[in-house]
Amino acid sequence: MEKLIDERREIYLEQLFTLLRQKSISAQNIGILETATMLRGMMEDIGINARLIETDGHPVVYGEVIRHPGAFTLLIYGHYDVQPAELADGWNSPPFEPTIRDGRIYCRGAGDNKGQLMAQLMAVKTYLDVRHSLPINVKFMFEGEEESGSPNLAVFVEQHKELLACDLVYTSDGPLHETGLPMVVLGVRGMLYVELSCQTSKWDNHSGNKGNIVPNPAMRLIQLLASMRDGEDGRVLIDGFYDNVQEPTEAERAHLRQLPYDNAQAGRQAGYEELDMDAETYYRRLMYEPTLNICGFSSGYSGEGSKTIIPAKATVKMDMRLVAGQDPDDIYQKLCAHVARHAPGVEVRHLGDMKPSRTPVHHPLVQQVIAAVESAYRQPPVVAPALGGSLPDYVWTQILGVPSVLVPYANSDEANHSPNENIGVENFVNGIRCACHVIDRIGR
Ligand SMILES: [Zn+2]
């Protein structure tokens with residue numbers, strides 16, 4: 001298979017270029033149906049049974065190669081939509097004309113996600129052409145709204161559980177590890193986003209004429225916030241906040257200790273050079289511990305000079321990153337109860353949430369994927385138990401109830417969402433090789 005991939009480099013690149021030239025900007029509803037239709041045609045040409053499925057937004061392109069109904073089934077997820085792009089944003093070549101410079105393909109969608117999506121398809125094509133059949137069932141679900149926050153993904157998965165039924169979900173999006181090593185990611189933190197507001201008077205009052213008479217809403221919010229977090233060790237004091245948090249096992253902690261970590265570099269990347277942590281602490285805090293964070297606080301006058309007022313209103317925006325076991329609805333209830341107890345009258349607004357997700361590192365299927373990635377890249381991947389950030393990975397692990405692995409193919413400087421988005425030609429080719437290895441390994 002490796003030989004065929006090498007021989008067909010130009011042909012596979014040309015397929016990718018055709019898809020890249022077709023705009024598919026979900027935010028502006030440009031070229032979506034054309035792209036979905038083109039993709040379906042490309043999948044059919046490979047021998048994948050493909051169709052478009054309507055959603056309340058943009059259609060899903062679904063495909064399958066079924067060996068036999070009882071066989072192991074791999075579900076490959078990706079997205080065919082892209083972020084907006086204009087030449088004037090700072091592109092060195094037209095954003096929808098794929099251009100190779102210095103071994104990289106520059107185009108909107110090159111890394112995020114058409115290049116990675118096409119690598120999966122070309123892997124299946126290669127496999128079918130060499131071996132005439134796949135050793136497992138493979139299903140594909142390509143979404144057209146990922147860049148708009150996947151508003152219909154959870155509903156779609158809920159409504160098509162049978163169609164999407166599988167043993168493992170496999171996603172390639174995002175970059176390799178910054179060291180250039182391949183990477184396997186097994187989960188994400190969830191999130192709850194809220195706004196708290198406190199209004200004490202109908203308008204801003206004179207701080208002398210009404211001082212000690214009218215209460216200050218900023219003070220109230222600050223006291224409420226202080227009641228939520230221990231000043232010494234940072235533990236969140238909302239009742240029951242940690243109830244369902246699963247502590248890392250000894251094996252998981254040992255795994256964290258051997259992840260690549262450079263304290264000085266991590267500090268520089270955060271613009272916080274005082275950072276002083278060992279690898280285990282750093283990754284445990286990022287992957288296994290929830291946060292309680294103030295994103296913004298506004299009240300009263302913060303312009304030039306002085307203005308002596310008691311503000312009428314104060315508002316704080318907060319996010320909480322949640323780890324496996326925590327449920328955003330439950331945490332929201334607990335937060336509301338805390339606010340009602342400590343600062344009745346403060347209003348809580350729910351601005352958004354996402355469930356966390358985690359597939360255990362020691363799951364046997366995960367071990368197979370890790371072995372396949374290692375054989376494709378000829379070096380062991382960095383295995384991250386979770387990302388610090390949030391993605392809708394829970395639709396696989398909680399709605400479908402199956403393990404989910406993220407194996408990114410793009411270079412770490414892919415500049416996704418930015419001008420001059422790119423993917424290395426070798427990253428694309430290695431992605432094809434990697435998907436072949438994964439299918440082959442699981443097939444055994
Ligand atoms: Zn993106």
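The following is a friendly exchange about how some helices, residues and contacts in this predicted model earn their labels.

Me: Let's start with helix packing. Why is H4 called oblique to H14?

Reply: Helix H4 (residues 110-131) and helix H14 (residues 425-443) pack at an angle of about 55°, with their axes 8 Å apart. Angles under 35 degrees count as roughly parallel and 65 to 115 as roughly perpendicular. The value of about 55° fits neither range, so H4 is oblique to H14. The crossing of this pair is right-handed.

Me: Which residues of H4 and H14 meet there?

Reply: On the H4 side they include Gly115, Met118, Ala119, Met122, Ala123 and Tyr127. Among their partners in H14 are Phe428, Gly431, Ile432, Ala435 and Ile439. By class, the contact of H4 with H14 has 11 nonpolar, four polar and two charged residues.

Me: H4 also packs against H3. What makes H3 and H4 roughly parallel?

Reply: Helix H3 (residues 32-46) and H4 pack at about 20°, and their axes are 9 Å apart. Roughly parallel requires an angle under 35 degrees, and about 20° satisfies that, so the label holds for H3 and H4. H3 passes H4 in a right-handed crossing.

Me: Which residues of H3 take part in the contact with H4?

Reply: Thr35, Leu39, Met42, Met43 and Ile46 in H3 do, and they meet H4 residues including Lys114, Leu117, Leu121 and Leu128. This contact divides into 10 nonpolar, one polar and two charged residues. Met118, Met122 and Val124 of H4 are listed in the contact with H3, and they are also listed in the contact with H14.

Me: And the third pair: why are H8 and H10 called roughly perpendicular?

Reply: The axes of H8 and H10 cross at roughly 115° and come within 8 Å. The perpendicular class runs from 65 to 115, and H8 and H10 are therefore placed in it. Their crossing is right-handed. Arg253, Leu256 and Arg257 of H8 make the contact with Ala279, Glu280, Tyr283, Arg284 and Met287 of H10. Here the classes are four nonpolar, no polar and four charged residues.

Me: Which residues of H10 are buried, and what covers them?

Reply: In helix H10 (residues 279-287), the buried residues are Ala279, Glu280, Thr281, Tyr283 and Met287. Their cover includes helix H8 (250-257), strand S16 (357-358) and strand S17 (382-384).

Me: Now for single residues. How do you know that Lys334 is buried?

Reply: Lys334, in helix H11 (residues 328-342), has a relative accessible area of 17%. Buried means under 20%, so Lys334 qualifies. Lys334 touches Ile238, Asp239, Gly240, Phe241 and Asp243, leaving aside residues up to four places away in sequence.

Me: What makes the pairing of Lys334 and Asp330 a polar contact?

Reply: Their side chains are joined at 2.8 Å. A polar contact needs a suitable pair of N or O atoms within 3.5 Å, and the pairing of Lys334 and Asp330 is listed as such a contact.

Me: Two prolines next. Why is Pro95 called buried, whereas Pro344 is called exposed?

Reply: Pro95 has 7% relative accessibility, and the limit for buried is under 20%, so Pro95 counts as buried. Pro344 has 60%, and exposed means over 50%, so Pro344 counts as exposed. Pro95 is in the loop between strand S3 (73-79) and strand S4 (99-101), and touches Ala85, Glu86, Leu87, Cys107 and Arg108, not counting residues up to four places away in sequence. Pro344 is in the loop between H11 and strand S15 (347-354).

Me: How do Asp102 and Ala415 come by their accessibility labels?

Reply: Asp102 is at 79% relative accessibility; exposed means over 50%, so Asp102 counts as exposed. Ala415 is at 23%; the range between 20% and 50% is partly exposed, so that label applies to Ala415. Phi of Asp102 is near 50°, a positive value in a residue other than glycine. Ala415 is likewise not glycine and has a positive phi, near 55°.

Conventions. Residues are numbered from 1 along each chain as its sequence is written. This is a predicted model: local features need pLDDT of at least 70, side-chain atom pairs count only at pLDDT 80 or more; totals for chains, interfaces and linings use all residues. Side-chain values use heavy atoms; hydrogens and water are left out. Axes are lines fitted to C-alpha atoms, for helices over the stretch in contact, and angles run from 0 to 180 degrees between N-to-C directions. Helices (H or I, at least four residues) and strands (E, at least two) are DSSP runs, numbered from the N terminus. Angles under 35 degrees count as roughly parallel, over 145 as roughly antiparallel, 65 to 115 as roughly perpendicular and the rest as oblique. A crossing is left-handed if the near helix is turned anticlockwise from the far one by less than a right angle, and right-handed if clockwise. Contact means heavy atoms within 4.5 Å. Ala, Val, Leu, Ile, Met, Phe, Trp, Tyr, Cys and Pro count as nonpolar, Asp, Glu, Lys and Arg as charged, and the others, Gly among them, as polar. Buried means under 20% relative accessible area, exposed over 50%, partly exposed in between (1.4 Å probe, protein chains only). A polar contact is a pair of N or O atoms within 3.5 Å; within protein, one must be able to donate a hydrogen and the other to accept it, and residues adjacent in sequence count only if both atoms are side-chain atoms.
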